Amino acid sequence: MEIRKIRLSNVGRFTDLEVAFAPTEKHPSKVTVFVGNNGAGKTTILKSIATSFSWLVARIRSERGSGSPIAQDDITNGTPSASVTIDISSINHPAVHLSTIYSWTLARTLRARKSKVESELTNVTLLADFFRFHLGLVDESSSLPLIVFYPVERSVKDVPLKVGKAEKEFDQFDGYENALNGGVDFGRFFQWFREREDSENERGISFEALKHWAAALPDSETKLIAELRDMHIASRDVQLTAVRLAIEVFMPGFNNLRVQRKPRLHMAIDKAGKTLIVSQLSQGEKSLLALVGDIARRLAIMNPSLDNPLHGKGIVLIDEVDLHLHPQWQRRLIRQLTQTFPHCQFILTTHSPLVISDTKDVLCYVLDDGELEEQNGLYGLDANQVLLSVMDTDVRNNEVQERLDRLLELLQDKKLKEAKELFNELSADLPPGHIELTKASLLIRKLELRIA
Ligand SMILES: Nc1ncnc2c1ncn2[C@@H]1O[C@H](COP(=O)(O)OP(=O)(O)OP(=O)(O)O)[C@@H](O)[C@H]1O
Ligand SMILES: [Mg+2]
């Protein structure tokens, strides 16, 4: 299932906006990224997609389910009603790859106002029926599509150390729990992890037990230790393995996420060989761990019959994907998302030039004053070029730039004395090794030689 198009009429700042999503003919990746100033409307677009999808999720979960309405505050000021129309393509027959477009419209009119726009939700019901039919009648372990929205408010404030026993067993529909309104919930992640790990350990040898025996047995027992290790590996839970793997790929140096029971119940992870409690990780580390762990967990729950649940299908919306992340992590982000979750379609927003210049075939839109402009050929550009040409932002302090420009002019006009004066002033103000000053000093030397 993929989202092809969305149309917003009188939603937030958009009077009438139509957006197509990757993959398109020109952009074969499954990633669409929105950039734009504060208030440009990026979140509005993601929120509208999430609201539309809430109806599909509700009707997959139960036949007559209702999703969320468009919020009153999201109806453009001065207009009586808003509507969101979404086009989804879904492969109905895997054997022949026959896909159908399902389109539905969600509308909202202000109280006591009259309007012609109305919701048209027949196709949501049809599409939801299709998924439920497959699940109930054709194949009980067939996959459900992941649909999830991570809003900006997703930061991880606390990692509950103690979580009561889960009230009920997790089922496949739990992959949709709080998927479109809650962001990441570490408590739930922890609970799920603990439950699966308990059953994993009941079936085989836990990591703790393996560590204990490997240390307790004499070195001469290499065969026995190897056998224990093999038994440990063979008994690993597929879903947990998927989550652990995703985290290892995204966060090099971090591995072996697990629940520890002593001295008290908590979640632990090894970072560069040292064991840490998850709540001891930095905000950036926790955010990425929670985000990746949450996508992987939901995919694992929804694709019980896949050998690698990370290959499940779905649509993932992430607002400000660079939130809390170091530039190095920002740069790798899209590549890692698409490699780790190859069958998910991603719709992202960002304020970071690094996010959008590191992957080929990404569809990037710049939002400016309610208008949408497609940007091509960003792959491989340096951050300064992206700042200048896409984000309309100077790469350097204005005053310094003006003085550097003046220095170049003086050199071009062969005014050596004035140029040297300005060069000395700038050298006093700027750090040693400043690239523009180094270039200027070469030009000064050249000019001196020429004059001599
Ligand atoms: N009901 C409304 N009527 C008219 N304009 C609105 C309405 N609601 C919101 N807006 C406009 O939409 C903007 C908010 O858009 P949105 O939150 O999508 O921006 P954004 O691109 O996500 O910005 P940021 O980068 O700061 O998160 C506001 O600045 C406001 O001008
Ligand atoms: Mg926003």
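Reader: How many helices and strands are there in the chain?
Author: This is a predicted model. Its chain holds both kinds of element, and the count comes out equal for each: 13 helices and 13 strands.

Reader: What does the C-alpha trace of the chain span along its principal axes?
Author: The chain has 452 residues, and 35% of them count as buried. Along the principal axes, the C-alpha trace spans about 85 × 80 × 45 Å.

Reader: What share of the contacts with a separation of 6 or more comes from residues 24 or more positions apart?
Author: Take the contacts in the chain with a separation of 6 or more. Keep those between residues 24 or more positions apart. Their share is 69%.

Reader: Into which domains is the chain divided?
Author: Domain 1 takes in 1–145 + 313–394. Domain 2 takes in 159–175 + 183–311. That leaves 398–451, which is domain 3.

Reader: How far apart do the C-alpha centres of domain 1 and domain 3 lie?
Author: Domain 3 covers 398–451. From its C-alpha centre to that of domain 1, the separation is 49 Å.

Reader: Which residues are the closest to ligand 1?
Author: The shell around ligand 1 has 15 residues. By class they divide into two nonpolar, nine polar and four charged. The closest are Asn38, Gly39, Lys42, Thr43 and Thr44.

Reader: Which element gives the largest share of the shell around ligand 1?
Author: The largest share is three residues. They come from residues 42–61, that is, helix 1.

Reader: Is helix 4 roughly parallel or antiparallel to helix 5?
Author: Two packed helices are described by the angle between their axes and the distance between the axes. Here helix 4 (residues 207–216) and helix 5 (residues 222–234) have axes that come within 10 Å and cross at roughly 175°. Angles over 145 degrees count as roughly antiparallel. Helix 4 is therefore, relative to helix 5, roughly antiparallel.

Reader: Which residues in helix 5 meet helix 4?
Author: By class, the contact has six nonpolar, one polar and one charged residues. Helix 4 brings Phe207, Leu210, Trp213 and Ala214. Helix 5 brings Ile225, Leu228, Arg229 and His232.

Reader: Is leucine 240 buried or exposed?
Author: Leucine 240 sits in helix 6 (residues 238–250). Beyond four places in sequence, it touches Phe193, Arg196, Glu197 and Glu200. Because leucine 240 has 20 C-beta neighbours inside 10 Å, it counts as buried.

Reader: How far apart in space are leucine 240 and alanine 50?
Author: In sequence, leucine 240 and alanine 50 are 190 residues apart. In space, C-alpha to C-alpha, the figure is 27 Å.

Reader: Which residues does leucine 276 touch, not counting those up to four places away in sequence?
Author: Leucine 276 belongs to strand 9 (residues 274–277). It is partly exposed, because 15 other C-beta atoms lie within 10 Å. Residues up to four places away are left out, and those it touches are Ala268, Ile269, Lys271 and Leu281.

Reader: What separates the C-alpha atoms of leucine 276 and aspartate 405?
Author: Along the chain, leucine 276 and aspartate 405 are 129 residues apart. Their C-alpha atoms are separated by 51 Å.

Reader: How far apart in space are valine 400 and alanine 272?
Author: Valine 400 lies in helix 11 (residues 398–412). With 14 C-beta neighbours inside 10 Å, valine 400 counts as partly exposed. It is 128 residues from alanine 272 in sequence, and the C-alpha to C-alpha distance is 42 Å.

Reader: Which residues does a cis peptide bond join?
Author: Most residues other than glycine have a negative phi, and most peptide bonds are trans. In this chain one bond has omega of about 5°. Its proline is in the loop between strand 2 (14–20) and strand 3 (31–36). The cis bond joins alanine 22 and proline 23.

Reader: What is phi of asparagine 10?
Author: Asparagine 10 lies in strand 1 (residues 2–11). It is buried, because 25 other C-beta atoms lie within 10 Å. Its phi is positive in a residue other than glycine, near 55°.

Reader: Is asparagine 256 buried or partly exposed?
Author: Asparagine 256 is in strand 7 (residues 254–260). Its phi is also a positive value, near 60°. A residue needs 20 or more other C-beta atoms within 10 Å to be buried. Asparagine 256 has 13 C-beta neighbours inside 10 Å, so it counts as partly exposed.

Technical notes: Residues are numbered from 1 along each chain as its sequence is written. Chains are lettered from A and ligands numbered from 1 in the order in which they are written. This is a predicted model: local features need pLDDT of at least 70, side-chain atom pairs count only at pLDDT 80 or more; totals for chains, interfaces and linings use all residues. Domain bounds come from an automatic or database domain assignment. A residue is near a molecule or strand if its C-beta atom, placed from the backbone, lies within 6 Å of it. Helices (H or I, at least four residues) and strands (E, at least two) are DSSP runs, numbered from the N terminus. Ala, Val, Leu, Ile, Met, Phe, Trp, Tyr, Cys and Pro count as nonpolar, Asp, Glu, Lys and Arg as charged, and the others, Gly among them, as polar. Axes are lines fitted to C-alpha atoms, for helices over the stretch in contact, and angles run from 0 to 180 degrees between N-to-C directions. Angles under 35 degrees count as roughly parallel, over 145 as roughly antiparallel, 65 to 115 as roughly perpendicular and the rest as oblique. Two residues are in contact if their C-beta atoms, placed from the backbone, lie within 7 Å. A residue is buried if 20 or more other C-beta atoms lie within 10 Å of its own, exposed if 12 or fewer, and partly exposed in between; C-beta atoms are placed from the backbone.
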